[in-house]
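Q: I'm new to this structure and would rather learn one part well than skim the whole thing. Please pick a single piece and walk me through it slowly.

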Amino acid sequence: MKIATFNVNNVNRRLPNLLAWLKRAKPDIACLQELKAADDAFPAAELRRAGYHAVWQGQKTWNGVAILGRKAEPVLTRKGLPGDRSDVQSRYIEAAVKGLIVGCLYAPNGNPQPGPKFDYKLDWLRRLQRHAKSLLKSGAPVVLAGDYNIVPTDFDIYSLRSWKDDALVQPAPRAAFGKLLAQGWTDSLRTLHPDRPMYTFWDYKRHRWERDGGLRLDHLLLSPDLAPRLKRGGVDREERGRESPSDHAPAWIELK
C-alpha cells in the first residue's frame with residue numbers, strides 16, 4: 001500500500017500537476033494540504049474521473065485539507081482537531097480508508113514569531129499531541145501525514161543562516177514534534193533514510209530549488225503497529241521542477 005502527502009498550494013490552480021502526478025505515482029491514499037478552495041470549489045469530479053474518491057474540508061483563499069482513496073471511498077471520521085471550538089481554520093481531516101485511520105494535517109506556519117500566530121501554532125500542536133495520544137490508545141492502525149511546518153532538526157534544512165528567526169526551526173515546535181515521537185510514533189522518512197536530508201519544500205525565492213536549498217516539512221508518522229510494515233519511501237523531487245509547481249514535493253511511503 002502506497003501512502004503519500006502533498007501540499008499542493010492551490011488545488012485548482014495546480015490541478016493539472018496533481019492529476020499528472022496521481023497518474024504517474026498511483027498512491028493508494030493521498031493526503032493533500034493547502035487546497036486554497038472553498039468546499040464547493042474542490043475538484044471532486046475531476047479526481048473521481050482519475051480514479052480517486054475524496055473527503056475534504058476546504059477554506060476559501062487559505063488552508064484546506066483532503067484525503068484521497070484510489071478506487072476506495074474514504075469514510076470521514078473527523079474534521080478539525082478537538083479542544084478549541086472557536087478554531088475555524090481548515091487544518092485537519094481524518095478518515096478510515098483501506099483498513100487504516102488516516103489523519104491529514106496542515107499545521108500553522110507560525111510566522112511572524114513571537115506573536116499571536118506563533119502562539120496559535122503552539123496551541124494547535126498541543127491539541128495535535130493530545131489527539132494523537134488518543135488515537136494510539138484506540139489501538140487502530142494510524143498514519144498522521146501532512147505538512148507539519150516543522151523542521152525537526154538542523155539536518156532537515158540546507159542552512160539555518162537565513163531561517164534562524166523563522167517559526168519553522170524554533171525550539172518549541174521542534175520539541176512538539178519530539179513529543180509526538182516520544183508517544184511512540186515513527187518518523188517514516190527519517191527511519192528509512194537516516195543519512196539523507198529528504199527535503200520536501202523549496203521556497204520560490206532566491207533560486208532555492210535550483211540551489212537545492214530545501215527543508216523537510218512534510219512527514220508521515222506511523223502508529224507502532226504499522227512501523228514494522230514500513231517497506232520503502234521517498235520524495236518525488238521532480239514534481240518541484242515542473243511548470244507552475246507547488247513549493248512542496250510529494251512525500252510517500254509503502255507499507256507491506
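A: Let's take a close look at helix 4, from its length to its two sides and its neighbours. Keep in mind that this is a predicted model.

Start with the length. Helix 4 covers residues 171–183, which makes 13 residues. At 1.5 Å a residue, a helix like that should span 18 Å, and the C-alpha atoms at its ends are indeed 18 Å apart, so expectation and model agree.

Now for the sides. Which residues of helix 4 are buried? They are Pro-173, Arg-174, Ala-176, Phe-177 and Leu-180. These residues sit on the same side of helix 4, because the arc they cover around the axis is only 155 degrees. The spacing helps here: an α-helix has 3.6 residues a turn, so residues three or four places apart point the same way.

Turn to the other side of helix 4 and you'll find Pro-171, Lys-179 and Ala-182, which are exposed. In numbers, buried means under 20% relative accessible area, and exposed means over 50%.

So what do the buried residues of helix 4 pack against? Their partners are helix 3 (116–138), strand 9 (186–187) and strand 12 (218–222).

Last, follow the chain out of the helix. Just after helix 4 comes Gly-184, whose phi is positive, at about 125 degrees.

To put the picture together: one side of helix 4 holds the buried residues, and those pack against helix 3 and two strands, 9 and 12, while Pro-171, Lys-179 and Ala-182 are exposed on the other side.

Key
Residues are numbered from 1 along each chain as its sequence is written. This is a predicted model: local features need pLDDT of at least 70, side-chain atom pairs count only at pLDDT 80 or more; totals for chains, interfaces and linings use all residues. Side-chain values use heavy atoms; hydrogens and water are left out. Helices (H or I, at least four residues) and strands (E, at least two) are DSSP runs, numbered from the N terminus. The expected span of a helix is 1.5 Å times one less than its number of residues. Buried means under 20% relative accessible area, exposed over 50%, partly exposed in between (1.4 Å probe, protein chains only). The arc is that of the directions from the helix axis to the C-beta atoms. Contact means heavy atoms within 4.5 Å.
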